[in-house]
Amino acid sequence: MQRQLSAFTRLALLGAMLGSLLAVPARADDVRAGDLVISQGWSRATPGGAKVGGGYLTIENKGSAPDRLISVSGDVAGKIEIHEMAVTNGVMTMRPLENGLAIAPGKTVKFAPGGFHLMMMDLKNPLKQGDKVSVTLEFEKAGKVSASLDVQGVGAPGPGSQGGGKMEMHKTDGHSGMKM
Ligand SMILES: [Cu+2]
């Protein structure tokens with residue numbers, strides 16, 4: 001009797017542990033599209049008058065074939081580009097990825113300040129903390145996928161981030177002088 005009870009208790013405990021694992025809220029907004037999983041979409045509130053904002057998300061390719069993010073659109077902005085940030089001659093610069101961004105099979109691409117980002121240009125309204133911004137990602141294979149960006153505070157480092165960064169634009173870039 002003693003033995004049966006403790007076995008039952010162990011099972012009950014295991015069940016409770018599994019239940020709490022399944023309830024992790026960070027997975028709630030994950031979007032699956034074919035072999036791709038899109039998660040952790042976020043952005044930053046824009047200070048008054050700012051016409052541009054950065055968007056970030058994580059794209060995981062669970063399949064065995066490469067895919068490619070070719071374009072992004074959304075009602076929030078007149079235009080959304082896929083940008084890459086990199087250090088050139090000691091200066092942080094950004095450039096649009098004209099051919100999109102490849103997502104290799106088995107790989108996870110994480111957009112984050114200082115790296116890949118969605119450049120939302122000609123914002124219709126300022127982004128406010130707590131807003132959810134809907135964007136449509138278009139992939140070569142997975143097609144069009146809707147995702148949502150949670151707007152966090154100005155200068156927020158983002159979910160599970162290594163910290164934010166301020167970076168200057170390249171002088172010859174179209175939107176020079178902007179900081180993000
Ligand atoms: Cu940019």
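His83 is buried, and so is His117 (buried meaning under 20% relative accessible area, exposed over 50%, and partly exposed in between, with a 1.4 Å probe and protein chains only). Both histidines are among the residues that coordinate a copper ion. The model is predicted: local features need pLDDT of at least 70, side-chain atom pairs count only at pLDDT 80 or more, and totals for chains, interfaces and linings use all residues. Residues are numbered from 1 along each chain as its sequence is written, and side-chain values use heavy atoms, with hydrogens and water left out.

**Copper site**

- The copper ion is held by His83 through ND1, Met94 through SD, His117 through NE2 and Met119 through SD, at 1.9 to 2.2 Å. Donors are N, O and S atoms within 2.8 Å of the metal (3.2 Å for Na, K and Ca); water is not among the atoms, so sites may look incomplete.
- The 4 donor atoms make angles of 102 to 123°, and the site is tetrahedral; four donors count as such if all angles lie between 85 and 135 degrees.
- Along the chain, the donors of the copper ion follow the spacing H-x10-M-x22-H-x1-M.
- Because His83 lies in strand β5 (residues 77-88) and His117 in strand β9 (residues 117-123), the pair ties together parts that are 34 residues apart in sequence. Strands are DSSP runs (E, at least two residues), numbered from the N terminus.

**Salt bridges**

- Side chains of opposite charge can pair when their charged atoms come close. A salt bridge is a side-chain nitrogen of Lys or Arg within 4 Å of a carboxyl oxygen of Asp or Glu, and by this rule the count comes to 4.
- One of them joins Arg95 to Glu84, with the closest N and O atoms 2.7 Å apart. Arg95 lies in strand β6 (residues 91-96) and Glu84 in strand β5, so this pair ties together parts that are 11 residues apart in sequence. Arg95 is partly exposed, at a relative accessible area of 47%.
- Lys132 pairs with Asp150, and their closest N and O atoms are 2.5 Å apart. Since Lys132 lies in strand β10 (residues 132-139) and Asp150 in strand β11 (residues 143-152), the pair ties together parts that are 18 residues apart in sequence. Lys132 is exposed, with a relative accessible area of 55%, whereas Asp150 is partly exposed at 26%.
- Lys62 forms a salt bridge with Glu60, the closest N and O atoms lying 3.6 Å apart. Lys62 counts as partly exposed at 45% relative accessibility, and Glu60 counts as partly exposed at 26%.

Definitions and conventions. Tetrahedral: all angles 85-135°; square planar, octahedral: opposite > 155°, others 65-115°. Helix = DSSP H or I, 4+ residues; strand = E, 2+ residues; numbered from the N terminus.
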